[in-house]
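Q: Please take a close look at one part of the structure shown below. Then set that part in its wider context, in one connected account.

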Amino acid sequence: MGGDPGTEVDLDDLYQQVIVDHSRRPRNFRELANATGSGEGHNPFCGDRVTVYLKVDERTVADISFLGRGCAICTASASMMTESVKGKSIKEVEAMFGRFHAMLTDADADGRDNEALDKLVVFEGVSRFPVRVKCATLPWHTMKAALGSNDQITTTEDPP
Amino acid sequence: MSQTSTVDRDAKSGPFDVERVRRDFPALHQKVHGRDLVYLDSAATSQKPQSVIDAVTRYYTEDNANVHRGLHALSERATASYESARQKVCRFIHAAETHEIVFVRGATDGINLLAQSYGRSRLKPGDEVLITHMEHHSNIVPWQIVCEQTGAVLRVAPIDDRGELVMGEFERLLTDRTRIVAASHVSNALGTINPVEHMVELAHRAGAIVLLDGAQAVAHGSVDVQSIDCDAYVLSGHKMFGPTGVGVLYGKTSLLEQMPPYQSGGDMIKSVSFQKTTYNDLPYRFEAGTPNIAGVVGLGAAVDYLEALDTGAVRAHEDDLLEAATEGLSQVAGLRLIGTAARKASVVSFVLDDIHPHDIGTILDGMGIAVRTGHHCAQPVMEHFDVPATVRASMAMYNTRQDVDALVQALSKVREVFA
């Protein structure tokens, strides 16, 4: 966990209500019957496993869903990702992932791009818990793999 | 930990003074995220008493030299400290001879040594190695590898829903094909204390040798390898209040004598020419290269520390903590204990509702409470109980009832977050 060990951490910062809600009631939590691609993600540290299903139509994410078993951060991130990328072009989705990743991992990021992330800014607090960053990014790495191929297994220990 | 014949119950008496013990462990006295640290992760690694820290510092400050080589004063002192630690460990685990104590990097290293030296040279296609379902990965994978190398077959004795070994099945799986039995003395993920004396007796009757993984057992006091009658026993220094990177492989003389060298290099030889090399005597034959001298010296100091305590009182204190934790956690709604064996070390593993253990671990850490979350390098155990991971609180002699209360209270905060 990050921060000065002498100072208190704000757990509410990490477990915001919207994150807890998505982890308890994940959206688009199903297999996609007419998927054009899928990917499997695995975080051996947490035991998180996530499968992302995609239907890509004319370079646009027409539909997306996921299944899996993971911690609250991972499940909420997957759930909110599916809501955020549905209807977006692949180019937009990739740009969004770049901004999301920077928000969590780049200490020098000035937050200028965070506005474009809309609801996903609730994950900003995860950046203060370094061991949990991979929980939030696993669904995104998995989705990216699903965009490229349909038999890819993504692991946080060897990110694509 | 309530053991019978394997326990050395000291004659020393008097109540156990946990506050005095706590004063010996500097790392316990700190704030984490603004709260007093509650350290409940001793099964992962124990904290170190000042005397161990001082012994390591003293070695580097005053005695630093290579062992068994130089004839100058520092080398003599370093060698004396190193060899005196061997005698201390020998006494602590009640080995018959000091040359039966081989210093290695840790329990994992000791298991690998035995598997690759004894196992690889002895096992034939069709031979069997018997382990249990509760083993740490370090007592599974080395046997998988040696079985692959030799054509031997790995068998696994099952556990029941309390996390106890199913003795009937263990006995049934012991056949005239069984060559090696490898089992934990105490399970790291469940806390189960195995009936090792009985297991050894059954294995010997079948003609197999027995290696016990004592990594989780020795933190709770001395063991008696002669009374258990196991052929080999491994332990890690850092789980018994000593430094990391040092451990012990104990082997009966008759076993070690049959074993070819594992690693080769300096110190393990008597003479080397390009035509022929003569190996050194026990135990040096298995200690190739400059060893972890400071680690061994620190381990010796850890044994001194443990021996100065009243083993019976330590065990009674830990049993009391286990009872308090089991009782307190049982009152938490939605909590399921994983591992409820009749004989347990002071380890409680659990899941809470369907909240992922890592979320629980993060919240507890935010409140200054250190626990282990995950599969504890025992994925087959997790599979058996159909959970991806558990939260594990493991208690050592320096823990208190207040630590247990802090854990129990913090779990209601966890439930609030996920309500």
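A: In this predicted model, P283(B) sits in the loop that runs between strand 12 (277-279) and helix 10 of chain B. The peptide bond that joins L282(B) to P283(B) is cis, with an omega of about -5°.

Helix 10 itself, on the other side of this loop, covers residues 293-308 of chain B and holds 16 residues. At 1.5 Å a residue, a helix of 16 residues should span 22 Å, and the end C-alpha atoms of helix 10 are 23 Å apart, so the two figures agree. Of the 16 residues in helix 10 of chain B, 13 are buried, and the helix is therefore mostly covered, given that a residue counts as buried when 20 or more other C-beta atoms lie within 10 Å of its own.

The domain assignment puts this region in context. Chain B is divided into domain 1, made of two segments written as 18-49 + 310-413, and domain 2, written as 52-307. The centres of domain 1 and domain 2 of chain B, taken over C-alpha atoms, are separated by 27 Å. Across the boundary, 28 residues of domain 1 of chain B are in contact with 29 residues of domain 2 of chain B. On the domain 1 side, helix 11 (311-330), strand 14 (347-352) and helix 13 of chain B are the elements that give two or more residues. Helix 11 of chain B provides the largest share of that side, with four residues. By class, the side of domain 1 of chain B that touches domain 2 of chain B has 13 nonpolar, nine polar and six charged residues.

A further loop residue is G339(B), which is placed between strand 13 (335-338) and strand 14 of chain B. G339(B) counts as buried because it has 24 C-beta neighbours inside 10 Å. When neighbours within four places in sequence are left aside, the contacts of G339(B) are G163(B), L190(B), G191(B), T192(B) and S349(B). One of these partners, L190(B), is 149 residues from G339(B) along the chain, and the C-alpha atoms of the two are separated by 4.7 Å.

Two other loop residues have an unusual backbone angle to report. H33(B) is not a glycine, although its phi is positive at about 50°. H33(B) belongs to the loop between strand 1 and strand 2 (35-36) of chain B. With 20 other C-beta atoms within 10 Å, H33(B) is buried. C377(B), also not a glycine, has a positive phi of about 55°. The loop that holds C377(B) lies between strand 16 (372-374) and helix 13 (379-384) of chain B. C377(B) is partly exposed, because 17 other C-beta atoms lie within 10 Å of its own.

The chain as a whole can now be described. Chain B contains 14 helices and 17 strands. Its radius of gyration is 22 Å, close to the 22 Å that the globule rule gives for 419 residues, so chain B is as compact as a globular protein of that length. The C-alpha trace of chain B spans about 75 × 55 × 40 Å along its principal axes. Of the 419 residues in chain B, 52% are buried. Among contacts in chain B with a separation of 6 or more, 72% are between residues 24 or more positions apart.

Chain B also touches chain A. That contact takes 17 residues from chain B and 18 residues from chain A. Strand 1 (31-32) and helix 12 (357-366) of chain B each supply at least two residues of the side of chain B that touches chain A. Helix 12 of chain B gives the largest share of this side, six residues. The residues on this side of chain B divide into six nonpolar, eight polar and three charged.

One residue of the partner chain completes the account. T60(A) is found in strand 3 of chain A, which covers residues 60-69. T60(A) is partly exposed, since 16 other C-beta atoms lie within 10 Å. Not counting residues up to four places away in sequence, T60(A) touches G87(A), K88(A) and S89(A). The C-alpha atoms of T60(A) and E92(A) are 9.0 Å apart, with their positions 32 residues apart along the chain.

Note on methods. Residues are numbered from 1 along each chain as its sequence is written. Chains are lettered from A and ligands numbered from 1 in the order in which they are written. This is a predicted model: local features need pLDDT of at least 70, side-chain atom pairs count only at pLDDT 80 or more; totals for chains, interfaces and linings use all residues. A residue is buried if 20 or more other C-beta atoms lie within 10 Å of its own, exposed if 12 or fewer, and partly exposed in between; C-beta atoms are placed from the backbone. Two residues are in contact if their C-beta atoms, placed from the backbone, lie within 7 Å. Ala, Val, Leu, Ile, Met, Phe, Trp, Tyr, Cys and Pro count as nonpolar, Asp, Glu, Lys and Arg as charged, and the others, Gly among them, as polar. The expected span of a helix is 1.5 Å times one less than its number of residues. The radius of gyration is taken over C-alpha atoms; the globule rule is 2.2 Å times the number of residues to the power 0.38. Domain bounds come from an automatic or database domain assignment.
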